[in-house]
Amino acid sequence: MLSENTIDPDKVMAKPAPNVPFFIPRQPLTPGISRLHKQDENQKENDKLETPLLFQPLTILPNFTIPNRIGVSPMCLYSADPKDGKVTPFHLTHYNGFAIRGVGLTILESVSVTKNGRTTPNDLGLFKDHDIKDEHDRDSKYMEQIEGLKQICDFYHSQQGSESKERQLIGIQLSHGGIKSSQLPLYFGYGDHPIDESRGGWLNDVHGISLTSRNRKMFPYAKTMTTAEVWQVIDEFDRAIQDSICKCGFDFIEIHAAHGYLINQFMSPATNDGSRKDEFGNGTFESRIKILLEILKKIQNFKKLSNLEFPVFVRISASDNDESSEDGETWKLKDSLKLAPILVDYGVDVINVSSGGNVAPTKPRIPQWEMAKQIKAAIVAHSQNNTEKLSHHSTSTPTTTPTSINSRPGRGLVAAVGRIHEGETANKYLEEQVCDICLSGTGFLKNPNQVEKWADELKSDVQMNMQVGWVFHKVW
Ligand SMILES: Cc1cc2nc3c(=O)[nH]c(=O)nc-3n(C[C@H](O)[C@H](O)[C@H](O)COP(=O)(O)O)c2cc1C
């Protein structure tokens with residue numbers, strides 16, 4: 001006989017998680033959510049435990065509320081089969097484990113939008129393989145990539161609690177490696193190790209930014225993308241963005257504009273020194289950021305035509321980590337402070353602040369948290385400015401908004417990353433307005449249960465996935 005406190009199993013078994021193509025019992029509450037809100041108001045009053053900011057939900061957009069402010073930073077696993085770029089059981093095991101352990105959001109590793117834009121043969125891909133001549137075969141290979149990615153999205157969606165509006169979001173980081181493509185996976189050797197055709201690489205087909213003298217030494221085989229080829233890459237991003245949302249089921253998109261990948265190479269004067277002389281690199285700040293803004297315009301256009309809404313993240317290298325160079329020689333924090341409000345006006349909801357990867361760093365470096373804090377302050381100032389402008393001239397729009405597409409401005413949130421290893425540090429960053437979301441990379445590799453670890457450190461009571469958490473009285 002069931003005791004009074006026991007849930008009737010029929011109720012649970014009869015209601016599996018909806019909208020996913022496999023059986024899994026439906027969670028009562030979304031994993032990772034603070035359990036304090038289960039208490040009534042009087043109990044809350046009496047409770048000495050205030051929910052730390054880290055474990056308070058965050059609404060990125062209406063209908064996109066995460067249960068806590070912790071995210072898995074994108075990390076390439078270099079584990080796809082070189083012949084197809086598809087998700088394997090290794091990816092499923094790795095990513096799905098974070099979902100059942102209550103993470104607020106996960107940014108899937110860098111996924112290339114073209115075959116030759118993969119940084120290694122083992123990168124995941126969301127590209128049409130034009131080496132496959134038969135169109136039907138090419139499309140079915142592409143569908144297999146989509147199916148693999150969809151499995152991860154389905155699993156994340158299976159975790160939403162029936163009583164929660166909060167959900168764990170799963171996003172995809174879309175990328176193109178530019179001249180950094182065709183390298184050895186990092187687990188074989190840190191740094192740039194180009195691999196040629198005999199070892200599965202494609203050095204004859206590496207295209208990117210025009211080669212400055214610095215890059216010519218490191219990537220002598222790389223070819224300069226023509227203006228038409230840059231526009232083609234923008235179209236490949238557009239296709240991959242649309243299919244990530246509509247076919248794979250991702251909740252959000254992150255554009256990889258950091259770490260010396262193609263977009264970052266265009267943005268930084270260290271790698272885009274004006275020698276291109278076209279609209280994507282004539283020596284001005286505006287020409288260098290154009291590739292990124294054109295991709296953001298495609299997103300706004302897609303949203304407008306499809307009537308879909310989803311958060312847009314952009315990961316930037318806030319500095320080339322060579323702040324001591326002459327002005328205009330490298331990308332510096334002050335360039336990011338100029339860029340950040342423009343990104344918000346182009347509909348970016350979250351700026352993910354990383355750094356480096358484009359040129360050799362010099363010391364002293366500005367810590368990543370400090371850059372995140374300054375970027376957040378710049379966005380806040382910009383939003384206040386816009387609000388004042390709007391209240392004085394109700395018909396005006398922010399000056400940098402792309403007039404052709406009339407987009408909504410982004411939410412302008414900031415995600416910080418970089419050696420955030422303790423719950424206390426993460427919570428402090430949120431309280432001190434360094435950022436709105438704390439991302440962790442290596443911390444999650446070391447301990448996939450980092451959310452629970454940080455909850456313990458902050459003496460918080462956090463909902464666990466039902467199949468695991470009942471043992472610890474962390475479900476009902
Ligand atoms: C194995 C590994 C792979 C990574 N791959 C990516 C990637 O695909 N895209 C990206 O933007 N950053 C990548 N990064 C950087 C991480 O997202 C993160 O910014 C970095 O590890 C610093 O955070 P942490 O100190 O919490 O580890 C990678 C880092 C690691 C350790």
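Here are legends for a set of close-up views of one predicted model.

**View 1. The whole chain, before zooming in.** This predicted chain holds 14 helices and 13 strands. Its C-alpha atoms fill a box of roughly 75 × 60 × 45 Å along the principal axes. For 476 residues, a compact globule would come out with a radius of gyration near 23 Å, and the chain has 23 Å, so the two agree. Of those 476 residues, 49% count as buried. Among contacts with a separation of 6 or more, 73% are between residues 24 or more positions apart.

**View 2. Strand β4 and its neighbours.** How many of the residues of β4 (residues 105–112) are buried? The count is 8 of 8, so to speak a mostly covered strand. Three strands pair with β4 in this view. Strand β3 (residues 70–72) runs parallel to β4 and is joined to it by 2 bridges, with Val72 standing opposite Thr106. β6 pairs with β4 in the parallel sense too, over 7 bridges; look for Ser110 of β4, whose bridge partner in β6 is Gln173. Strand β5 (residues 124–125) is also parallel to β4, over 2 bridges, and there Ser112 sits across from Gly125.

**View 3. The shell around the ligand.** Which residues come closest to the ligand? They are Ser73, Cys76, Ser110, Gly441 and Thr442, out of 20 that surround it. By type, the shell divides into 6 nonpolar, 11 polar and 3 charged residues. Both β4 and α12 (442–446) supply at least two residues each. Ser110 links this view to the previous one, being the β4 residue bridged to Gln173.

**View 4. Helix α3 and what packs over it.** The 12 residues of α3 (residues 89–100) should span 16 Å at 1.5 Å a residue, and the end C-alpha atoms are indeed 16 Å apart. His91, Tyr95, Phe98, Ala99 and Ile100 are buried in this helix. An α-helix has 3.6 residues a turn, so residues three or four places apart point the same way. The cover over the buried residues of α3 includes β3, β4, α4 (135–157), α12 and α14 (466–469). After the helix comes Gly102, with a positive phi near 80 degrees.

**View 5. Ser182 in its loop.** Ser182 belongs to the loop between β6 (169–175) and β7 (207–208). Is Ser182 buried or exposed? Ser182 is buried, because 28 other C-beta atoms lie within 10 Å, against a threshold of 20 or more. Leaving out residues up to four places away in sequence, Ser182 touches Pro194, Ile195, Gly201, Trp202, Leu203 and Val206. Ala257 is 75 residues from Ser182 along the chain, and their C-alpha atoms are separated by 18 Å.

**View 6. Backbone oddities worth a click.** Most residues other than glycine have a negative phi, and most peptide bonds are trans. Going from Lys363 to Pro364, the peptide bond is cis, with omega near -5 degrees; Pro364 lies in the loop between β11 (350–354) and α10 (368–392). Asn307 has a positive phi, near 65 degrees, and is found in the loop between α8 (285–306) and β10 (312–317). Asn307 counts as exposed because just 6 other C-beta atoms lie within 10 Å. Over in the segment after α14 is His473, with a positive phi near 60 degrees. His473 is exposed as well, with 10 other C-beta atoms within 10 Å.

Conventions. Residues numbered from 1 in each chain as written. Predicted model: local features only at pLDDT ≥ 70, side-chain atom pairs only at ≥ 80, totals over all residues. Helix = DSSP H or I, 4+ residues; strand = E, 2+ residues; numbered from the N terminus. Buried ≥ 20, exposed ≤ 12 C-beta atoms within 10 Å, placed from the backbone. Contact = placed C-beta atoms within 7 Å. Pairing = 2+ DSSP bridges. Near = placed C-beta within 6 Å. Nonpolar A, V, L, I, M, F, W, Y, C, P; charged D, E, K, R; others polar. Rg over C-alpha atoms; globule rule 2.2 N^0.38 Å. Expected span 1.5 Å × (residues − 1).
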